[in-house]
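Biologist: Could you take me through one part of this predicted model closely, namely the paired strands and the core and loops around them?

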Amino acid sequence: MKRSGFLKRKTPMSRGKGFSVKRKALPKQSKVSVAKIQRDLWVECRRIVRSRYKDCYTCPAKDLVGSNAHTGHGPWAKAAIGAYLKYDLRCLRLQCYACNVHRSGMSYEFGKNLLKEIGPEAMAQLEADRQVSVKAVDHYASLLEQYRRL
Ligand SMILES: [Zn+2]
């Protein structure tokens, strides 16, 4: 006899009359709340970065204040950093407006200075962490909780 394999498996419909295919919509994280977590997270990142650094990370500009004090991403462009590292403090430093905006974040200088700051081992770890994939919203929520205590 020919075996029909997976075709014989029970489907939900075969569970009996009492079974309803109607399902309540699962409570979904709305896009609004993900955006809100990201906004709040960014506020924390900016606060922490401003409390730790005063000068531009990638040029000689000193004592950055106001709209000249940007929180910049590196050593890769922000768009090239996945959810796991996007709000990672290892990738965030204070930059002047010119470096962050006009000079596109000065990724090369950023990387050079970061290597000097954290050393080759931590740099290799950071590089490896770039491959880590996470569920963004969960990761952001846990970072937010963690950063609020910093
Ligand atoms: Zn600068």
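Modeller: A residue counts as exposed if 12 or fewer other C-beta atoms lie within 10 Å of its own, and as buried if there are 20 or more. With 11 C-beta neighbours inside 10 Å, Ser104 therefore counts as exposed; Ser104 sits in the loop between helix 3 (97-102) and helix 4, and its phi is positive, near 50°, although the residue is not a glycine. Asp63, in the loop between helix 1 (31-52) and strand 1, likewise has a positive phi, of about 45°, without being a glycine, and Asp63 is exposed, with 9 other C-beta atoms within 10 Å.

Turning to the strands, strand 1 (residues 69-73) is mostly covered, with 4 of its 5 residues buried, and strand 1 pairs with strand 2 (residues 92-96) in the antiparallel sense over 5 bridges. Within this pairing, Thr71 has Leu94 of strand 2 as its bridge partner. Leaving aside neighbours within four places in sequence, Leu94 is also in contact with residues including Val49, Tyr53, Cys56, Tyr57, Leu64 and Ala69.

Leu94 belongs to the largest nonpolar core, which has 10 residues in all, among them Cys56, Tyr57, Leu64, Ala69, Met106 and Phe110. Strand 2 and helix 4 (107-129) each supply at least two residues of this core, while a second, separate core of 8 residues includes Leu41, Cys45, Leu85 and Cys91. In soluble globular proteins, nonpolar side chains tend to be buried together.

Finally, the peptide bond from Gly74 to Pro75 is cis, with omega near 0°, and Pro75 lies in the loop that runs between strand 1 and helix 2 (83-86).

Key:
Residues are numbered from 1 along each chain as its sequence is written. This is a predicted model: local features need pLDDT of at least 70, side-chain atom pairs count only at pLDDT 80 or more; totals for chains, interfaces and linings use all residues. Two strands pair if DSSP finds at least two bridges between them. A nonpolar core is a set of buried Ala, Val, Leu, Ile, Met, Phe, Trp, Tyr and Cys residues joined through C-beta atoms within 7 Å. Two residues are in contact if their C-beta atoms, placed from the backbone, lie within 7 Å.
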